[in-house]
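Please open the model in your viewer and keep the sequence panel beside it. The tour moves from one selection to the next and says what is found at each stop.

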Amino acid sequence: MKTHTFHIPVMGIGFTIDTPLKVSHLGINSAISLVDDILLEKLRKVYCTKFEIAYNEITESIEDFRAKRITSYLNLVNQLVDKKFEDLKNNTALYSGELKQYINLLPETSTLKQQFKELFSKKLNINEVKQWIDNNLTKGSIDVNIMTKVDKENYVNKEKLPTIYNDAHAALRGYAKSKLTSSLILSAGMNPKLYSYIEEFEDFFPDENGFIKKKIVLKVSDYRSALIQGKFLAKKGIWVSEYRIESGLNCGGHAFATDGLLLGPILAQFRDNRKELVQSIHAILINSLLAKNHHIPSSPLPIKITAQGGVGNAKEHEFMLNHYQIDSIGWGTPFLLVPEATTVDNDTLNMLVKAKEQDLYLSNISPLGIPFNSLKGNTKDKEKQELIDKGRPGSSCPKKYVALNKEFTEKGICTASRQYQHLKINQLNKENLSLEQYQLAYSKITEKSCTCVGLGTSALLANGVNTKIEGIGVSICPGPNMAYFSKTMSLKEIIDHIYGETDLTTKNRPNIFIKELTIYINYLKNILKEGDKTTDKKQKKYTLMFINNLKEGINYYRDLFQNSSITFKENTESLLQDLTKNEHLLDLLVKQSTTLKSN
């Protein structure tokens, strides 16, 4: 029986690092980032001290320390969540404390909630009630997230270690060896070597009953990508249990823009092809499991289709669930304002509360070279600017998780590091550029920010942990939706908002589909601006495809708004006006662009 119809996605490196400890015993699914083993080790010490559990430090001198740190942290979280959940179920006072909170957080339409109320109305004895609780209440899944491309090679005494000691590989091994029964969320695209490494661990394969202890979740931005990756893993005998569709641009953190494909049409394609997706991948899986002499499921294993990015009210939540047959909706950005669920230091929290549309922007600060949703004025960017003003741009790079660039060195370095920026600026100084060209190129080099430190520092500050190595600068990565939530919220308040018991958004909040379209058109402006500087035929072909996909998306939404009368009845006219306004803007951009005039 489903507990909730929402989940809390991974946010940054540290903002959901201990979220399962706060919400899992209440039946809410959430995810921990496995990027930063140093941060995980520091937090393990914090929680071992808090709960009087013996702590033995895992230092870098220990073989395979990264994987072992991750395993130890996840096992600790699992242990603490299990204890909280058992205490909740075994409370002798029954309907009080956290059990009451668990039930009260459920929507009024929840079958679980209705059954529980019926039990108490019948005045059953305590053993019967406890039996029902044991049979029906479940803890939220303690999921983990690995960015597949953040897979830095590692060295010992200048000797490169085997691939299995790369960062993402070690993180996978750390999770695989943990006691968790949950899901591994793979994001940021396909890494064939990493995907193949999953085969090495039994927990990812179905048992004789079709049960998978550690499931695979793919975060994808379109159907084609899901199909390709799902089939690739099936050939390894690995079943993808969930396809998590995220809006390309209307999301938090890194933004993986689609080719102009909008969320509504993408979700419709998943809905309409769900059966085909399952059957085509199941056939490949069976052949692979036969060859490996593994257990063969008697029927196709279940899959979930989930979505996230920009959902902001109960109407949108319900519409996505029903119209697109979605199994769960991810609510990320608003939960940054919920201290009961996420870990954000007070100064950053206050900045988020005050953030307006103009404060939230799609930046180029990520060393990964991927657009990154950020907040203007964050303390990590201020710290970065101070170094630029001193004539010493770049980070000292204390953690090196995204030290992936090999432009100047055999061993990867980070584009946000002082070392890289020094080398790149020296190269720039040798070019005969005009002052304007030089300043533009210089800014592109120095705008990169040390996000692998900045996205974890908040968790250290919030827990009173020394940040001498990291500094106090915090990077924060809310989605555009943050502009429409303007206060800190309790867990009860945000969940009541999700389920329509209250409305916490500001009055000026646009429809999710309109907002995403607007962001994509702004993104297109930059594509056209860059395109105007080149005669690259491939780039022009891509731009035309992007525009055509946007136009098809607009036509799709026009039909949706006109025909989904129940959901959009109250404001169909204004939605259609917004759509037409964006369509005219798109046409104007195309007309004015020199990029497309030769086509």
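Helices, as the word is used here, are DSSP runs of H or I with at least four residues, strands are runs of E with at least two, and both are numbered from the N terminus. The model is a predicted one.

**The largest pocket**

Begin by selecting strand 11 (360–363), helix 14 (379–389), helix 16 (435–446) and helix 19 (512–531), each of which supplies at least two residues to the lining of the largest pocket. Helix 19 contributes the most to that lining, with nine residues. The pocket holds about 1,200 Å³ of space, and its lining comprises 35 residues, with Tyr361, Leu362, Ser363, Asn364 and Asn526 lying nearest the centre. Coloured by residue class, the lining divides into 15 nonpolar, ten polar and ten charged residues.

Stay with tyrosine 361 and add lysine 376, which lies over the face of the tyrosine ring at 5.9 Å from the ring centre. A further example of a charge over a ring is lysine 214, whose charged end sits over the ring of tyrosine 175, 5.4 Å from its centre.

**Aromatic pairs**

Across the whole structure, 18 aromatic pairs are found. Select phenylalanine 116 and tryptophan 132, a tilted pair with 5.7 Å from centre to centre and 50° between the planes. Phenylalanine 116 belongs to helix 5 (residues 111–121) and tryptophan 132 to helix 6 (residues 126–136), so the pair ties together parts that are 16 residues apart in sequence. Phenylalanine 116 counts as buried because its relative accessibility is 2%, and tryptophan 132, at 12%, counts as buried too.

Move next to tyrosine 438 and tyrosine 442, whose ring centres are 6.1 Å apart and whose planes meet at 20°, so that this pair is stacked. The two tyrosines are four residues apart in helix 16, and are therefore separated by about one helical turn. Tyrosine 438 is partly exposed, at 22% relative accessibility. To finish this part, select Phe319, Tyr324, Phe513, Tyr556, Tyr557 and Phe561, which ring pairs link into a cluster.

**Salt bridges**

The count of salt bridges comes to 29. Centre the view on glutamate 153, which meets lysine 160 in a salt bridge of 3.5 Å, N to O, and also forms one with lysine 406, where the closest N and O atoms are 2.9 Å apart. The latter pair links distant parts of the chain, 253 residues apart, with glutamate 153 in the loop between strand 3 (142–147) and strand 4, and lysine 406 in the loop between helix 14 and helix 15 (418–429). Glutamate 153 is partly exposed at 25% relative accessibility, as are lysine 160 at 45% and lysine 406 at 43%.

Arginine 271 and aspartate 272 form a salt bridge of 2.9 Å, N to O; arginine 271 is partly exposed at 21%, whereas aspartate 272 is exposed at 55%. Then select Asp37, Arg66, Arg69, Lys152 and Asp167 together, since salt bridges link these residues in a network.

**Two positive phi angles**

Which residue in the loop between strand 4 (155–156) and strand 5 (159–160) should be selected next? The residue is lysine 158, which has a positive phi of about 70° although it is not a glycine, and which counts as exposed at 82% relative accessibility. The last stop is asparagine 293, in the loop between helix 11 (274–292) and strand 9 (304–308). Its phi is near 60°, a positive value in a residue other than glycine, and asparagine 293 is exposed, with a relative accessible area of 71%.

Conventions. Residues numbered from 1 in each chain as written. Predicted model: local features only at pLDDT ≥ 70, side-chain atom pairs only at ≥ 80, totals over all residues. Heavy atoms only, no water. Buried < 20%, exposed > 50% of the residue type's maximum accessible area, 1.4 Å probe, protein only. 1 Å grid on protein atoms, 1.4 Å probe; cavity = no way out; pocket = protein on both sides within 12 Å on 5 of 7 lines; lining within 4 Å. Points joined across faces, edges and corners; volume = space filled by probe spheres on them. Nonpolar A, V, L, I, M, F, W, Y, C, P; charged D, E, K, R; others polar. Phe/Tyr/Trp six-rings, centres within 6.5 Å; stacked < 30°, edge-to-face > 60°. Lys NZ or Arg CZ within 6 Å of the ring centre and 35° of its normal. Salt bridge = Lys/Arg side-chain N within 4 Å of Asp/Glu carboxyl O.
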